[in-house]
Amino acid sequence: MYRYDEFDAQIVRERAAQFRGQVERRLSGDITEDQFKPLRLMNGVYLQLHAYMLRIAIPYGTLRGEQMRKFAHIARKYDKGYGHWTTRQNIQFNWVALKDIPDVLDELAEVEMHAIQTSGNCIRNTTSDQFAGATAEEIEDPRPWCEIIRQWSTFHPEFSFLPRKFKIAVTAAENDRAAIRVHDIGLHMRRNDAGETGFEVIVGGGQGRTPHVGVTIKPFVAKDQLLDYLEAVMRVYNRFGRRDNKYKARIKILVSETGAEEFTRLVDEEFEAQRDAEKIVLPQAEVDRITQYFAPPAFEDLPDTSDVLEAAKAKDDAFARWVRVNVRPHKQAGYGIVTISCKPIGAPPGDVTDTQMDVTADLAERYSLDEIRITHEQNMVLPHVKLDDLFDLYQELDSAGLATANYELISDIICCPGLDYCNLANARSIPVAQDLQNTFADLERQDDIGELKIKISGCINACGHHHVGHIGILGVDRKGEEFYQITFGGRADEKAAIGQIAGPGLRAEDVPSALERVIETYREVRSSKDERFIDALERVGHDPFKEALYAAG
Amino acid sequence: MTSVRPKLKADIPKVITAWDVATGATVYQTADRNWSENIADAEVVVGEAADAALEAAQGDELRILDPYVMEVTADGEVTGRETLRETIRATGPTTHTEFHKAARGVVDA
């Protein structure tokens, strides 16, 4: 894992000290709220319905036990004993007092953490594949490049006041777990014909009120040209992106209105026009230094299979199910990648208590070479667990309420905070998720249904990624009443697509039974148990599912 | 303004609501131009009195932020199009009921 150098550490410490002064001036009345608001937003501090909310960056979703333990401490001391994982692999605390936030930032700085790039019209926290560095599917670990992008983009003077926020995601695996095609820029690491590794550059994806799937504007950019090319994209966006209308200010609108071909021409023109003096020459020594931090940890030389694991599976059906559902193959023989579900049945998706954070920190240190990942689907991952250790790990997770075997199943729902917390929301989302989890609580049934991604947003800003849910649920306000619009066919993976609205919105109480009918239809039409919901939907079309959705009465 | 809320007719009863600067807690303006976390303490205002109350709130930046008028009945009960949102602000999230203001004794259960 990357460790901050003296410059990183100084930046974070100075930023915390600077914000302390800004908070003091706000509380003493030396600056107005209008003057203070952009400053607090640049430090991840939002105002929500009940309190301030502090969003803390977890670069590319990677952290170590010490950092997780600090989150637990902050949850206990400054919040209400829990935190909430976000769809940018970050954490939010929903109840922090403004007067305490300078102390929180000081505490975070002790463990190389901060709230920089979690808000405002800048390049936000770069996200990545939560299995990076552990999966055999990738051509190489993308995280050194996430870190290089982080260092390039942090406080970049030219890109600190963009038309709107800007999100970049990177993956190096064919199976896209980072939703790169619905980002402002998605980078997919590829090999060219010469066997060199570089980046496919995908631009103009995004969700919100005008969802778009990004388009490839460059099939291959060499590593040593990546930052120059990103700068060219950013400059075209900064110059031509609209600033007169915040709803049309994202790069997806510029790409859509300009046309991908013309946008690409503008980027190429900018790229070529950069004088040699402007080129960012990435010293190979620096690339090597950063890459070294992500070198594979000291794996043991183990056999492919584990007798200990097989014996435990034979004895314990619940454990066997958890292994089948939540553990994925590792590139190193004798290891597995463990997803810790933060979606126990009936609980707010993505919430973890201070105790659970402490437990996860301890388990990461003991079983996963001190690495934890946070996923954009609001779960945690222990990326490097020996197969021999899985049963012991499972038992400890189970004791902490962290062993729900539902990764990628119907109850593994992405859900925004909705009207229970959010100042922008029109409708609640957490209670809808909880009702669905309770409806489909039976794990046998979930297992039978198979992979199915439900995503719920409480407003059109789409923080709950409903546009790319196999089944998306959007809360809307209709004359003071909550209704829920259902979409079918969205997906965030390598075949990214925006879901299509099925028809009129439903009342909250009707959503679970309507989706039960949809699921029964799926079970009837699927060609075999192995045909996933999304594949069956694409094969037979939406009509049978729409009919089922509205079949009541 | 963080909260751009629907405009309300002059003759509708209202209270002034905002957030406490230091803590971010939801607060309501009282008759003596102070602020309470309990909506039951709020002064119900109508017409020009509501305009004056809001103006006073907007000048109270040291204590509160983003004040706005919200609709209530003549008895001060939350009502109108934003009933759900304002009930959630007044009492707490419908999830996490352990964090309700009533659990802290700020409002009656």
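Visitor: In this predicted model, which strands of chain B pair in the antiparallel sense over three bridges?

Guide: Strands β1 and β2 of chain B, the latter formed by residues 26-29, are joined by three bridges and run antiparallel. Within this pairing, B:W19 faces B:T26 of β2(B). Five residues separate the two strands of the hairpin, and B:G24 adopts a positive phi near 85° there.

Visitor: What is the second pairing of β1(B), and over how many bridges does it extend?

Guide: Strand β4 of chain B, residues 64-71, pairs with β1(B) in the antiparallel sense over six bridges. In this case B:I16 is the residue opposite B:V69 of β4(B).

Visitor: How should one read the burial of β1(B)?

Guide: The general idea concerns the two faces of a sheet: along a regular strand, side chains point to one face and then the other in alternation. Here, β1(B) covers residues 14-20, and six of its seven residues are buried, so the strand is largely enclosed by the rest of the structure.

Visitor: Which parts of chain B touch chain A?

Guide: The contact involves 25 residues of chain B and 25 residues of chain A. On the chain B side, β4 and α2 (83-91) each contribute at least two residues. The largest share belongs to α2(B), with five residues. By character, the chain B side consists of ten nonpolar, nine polar and six charged residues.

Visitor: Where does A:G29 lie, and which residues of chain B does it touch?

Guide: A:G29 is in the loop that links α1 (6-28) to α2 (33-41) of chain A. Its contacts, leaving aside residues up to four places away in sequence, are B:E61 and B:L62.

Visitor: Is A:G29 buried or exposed?

Guide: The general idea is to count neighbouring C-beta atoms, with 12 or fewer within 10 Å marking a residue as exposed. A:G29 has 11 other C-beta atoms within 10 Å, so it is exposed. As a further point of orientation, its C-alpha atom is separated by 27 Å from that of A:K77, which is 48 residues away along the chain.

Visitor: How is the overall form of chain A to be read?

Guide: Chain A contains 18 helices and 20 strands. Its radius of gyration is 23 Å, close to the 24 Å expected from the globule rule for 553 residues, so chain A is as compact as a globular protein of that length. The C-alpha trace spans about 65 × 60 × 60 Å along the principal axes. Of the 553 residues, 54% count as buried. Among contacts in chain A with a separation of 6 or more, 67% join residues 24 or more positions apart.

Visitor: Into which domains is chain A assigned?

Guide: The domain assignment gives domain 1 (6-109), domain 2 (142-293), domain 3 (307-399) and domain 4 (414-549). The C-alpha centres of domain 1 and domain 4 of chain A are 33 Å apart. Seven residues of domain 1 are in contact with seven residues of domain 4. The domain 1 side of this contact has two nonpolar residues, five polar and no charged.

Visitor: Which residues of helix α14 of chain A are buried, and what do they pack against?

Guide: In general, an α-helix has 3.6 residues a turn, so residues three or four places apart point the same way. In α14(A), residues 430-439, the buried residues are A:I430, A:V432, A:A433, A:Q434, A:L436 and A:Q437. They pack against β16 (414-415), β17 (454-457), β18 (471-478), β19 (481-488) and α16 (511-525) of chain A.

Methods:
Residues numbered from 1 in each chain as written. Chains lettered and ligands numbered in written order. Predicted model: local features only at pLDDT ≥ 70, side-chain atom pairs only at ≥ 80, totals over all residues. Buried ≥ 20, exposed ≤ 12 C-beta atoms within 10 Å, placed from the backbone. Helix = DSSP H or I, 4+ residues; strand = E, 2+ residues; numbered from the N terminus. Pairing = 2+ DSSP bridges. Rg over C-alpha atoms; globule rule 2.2 N^0.38 Å. Contact = placed C-beta atoms within 7 Å. Nonpolar A, V, L, I, M, F, W, Y, C, P; charged D, E, K, R; others polar. Domains from an automatic or database assignment.
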